[in-house]
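This report looks at one lysine and the charged groups around it, then at further ion pairs in the chain.

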Amino acid sequence: MVLKLPLLALSAVLLINSASLGASPFSDSYAAYQHAIEVKDIQAAEQYAQQTYLLGQGYFEPGAIDITHLQLNWATSLQAKGDLEAAHQQFLQVLETYRSYFGADAIEVIDPLLGAAQTISASKEQKSLFKEAISIAQTSDNLLLTAEVKLLAFKALVSTEYYGRDIRSDVLDAYEIYQQLPNNDIRRITATYYVGVIKASEKRYSDAISHLEEVVKQFAVLDFSHPYKLSAHARLVELYEHEGESEQATAHCIAIGSMTPWDDQQEQTPLFRSSPQYPMSYIRAGREGWSQIEFTVDEQGFVQDPVTVASEGGPLFIKESLKAIKQWRYAPKFVDGKPVAAQTTVRLLFEVQG
């Protein structure tokens, strides 16, 4: 996890305060915490965040809100360290204090709300925390903050049973807000990627292709690798193959191959697979088996010359395996910066589901 300050950067307030108070164990500890943040030392950041919070209780007046700011820093560091249960409890305590001090609808409440939401598993409580943060952000008239909070909620809930049309609408809203940013702003690219994923899941392939091609285009301008860049290429291969446009898919197969640190022992991973048909006569007979197929992946990621090297269960398993394999697409292997043909093998299983 990337170590970061809270969304609203409340710790910046303490940086100003501590800098004006001269040398002390507290200010030294806080400076060490800030340095750990800068160098992305997660372990040290958590250690000094806790130490600063404890020292702060003797440094500030009892009940001072500065102490709760320090607790928020500690909770954030615990989250970055992966100690989610402890982080969640700290975020909840901060949340209670912030609601009392700033007001339940104050913008300052967003940070502990998001922290509490991100440190528990998918649940009604998690969704409720995100929704409360979204509501507060919307009343702040800060559109970019609203977009960021909505996108965080989408990323947390999209693959859970709590994802619904409301969360879908949230990410589409974020996408529209981010249209005011430059094309190559990472926030805009991220939202564009997720809209493309949504459109693909809804089988709106043309819209999905348009959005994901934009993601690839902007990462090319930025000239750096990102997980969404690789994922966009992979999804575009699948989308183009679904649309019967293998030529367009080829460019993305090659792009993925060029991004992958190949070695001689690495097995290639298919980008698009069509499952073999299970012979109906074999299903009725309860026959199971497998086929091991060897083939060449050419420079454009197409399967060439598939042959059966071993099998079990019957000749129809072999026939259906070869038929399916010929439709697969791969990222070609690269050697010295150029795509090359390379052999690989796969084993396809045929099992009757009970």
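Where is the place of Lys 150? The model is a predicted one, and in it Lys 150 belongs to helix 8, which spans residues 143-157.

Lys 150 has a relative accessible area of 4%. Because this value is under the 20% limit, Lys 150 counts as buried. Leaving aside neighbours within four places in sequence, the residues in contact with Lys 150 are Ile 134, Gln 138, Asp 170, Asp 173 and Ala 174. With Asp 173 there is a polar contact between the two side chains, at 2.9 Å.

Asp 170 forms a salt bridge with Lys 150, with 3.8 Å between the closest N and O atoms. This pair links distant parts of the chain, since Asp 170 lies in helix 9 (residues 165-178) and Lys 150 in helix 8, 20 residues apart. Asp 170 is also buried, at 6% relative accessibility. Both residues are part of a network of salt bridges that links Lys 127, Lys 131, Lys 150, Asp 166, Asp 170 and Asp 173.

The count of salt bridges comes to 12. Among them are the following pairs.

| Acidic residue | Basic residue | Closest N and O atoms |
|---|---|---|
| Asp 170 | Lys 150 | 3.8 Å |
| Asp 185 | Arg 187 | 3.1 Å |
| Glu 202 | Arg 204 | 3.7 Å |

In the pair of Asp 185 and Arg 187, Asp 185 is buried at 16% relative accessibility, whereas Arg 187 is partly exposed at 34%. Glu 202 is partly exposed at 31%, and Arg 204 is partly exposed at 36%.

Technical notes: Residues are numbered from 1 along each chain as its sequence is written. This is a predicted model: local features need pLDDT of at least 70, side-chain atom pairs count only at pLDDT 80 or more; totals for chains, interfaces and linings use all residues. Side-chain values use heavy atoms; hydrogens and water are left out. Helices (H or I, at least four residues) and strands (E, at least two) are DSSP runs, numbered from the N terminus. Buried means under 20% relative accessible area, exposed over 50%, partly exposed in between (1.4 Å probe, protein chains only). A polar contact is a pair of N or O atoms within 3.5 Å; within protein, one must be able to donate a hydrogen and the other to accept it, and residues adjacent in sequence count only if both atoms are side-chain atoms. Contact means heavy atoms within 4.5 Å. A salt bridge is a side-chain nitrogen of Lys or Arg within 4 Å of a carboxyl oxygen of Asp or Glu.
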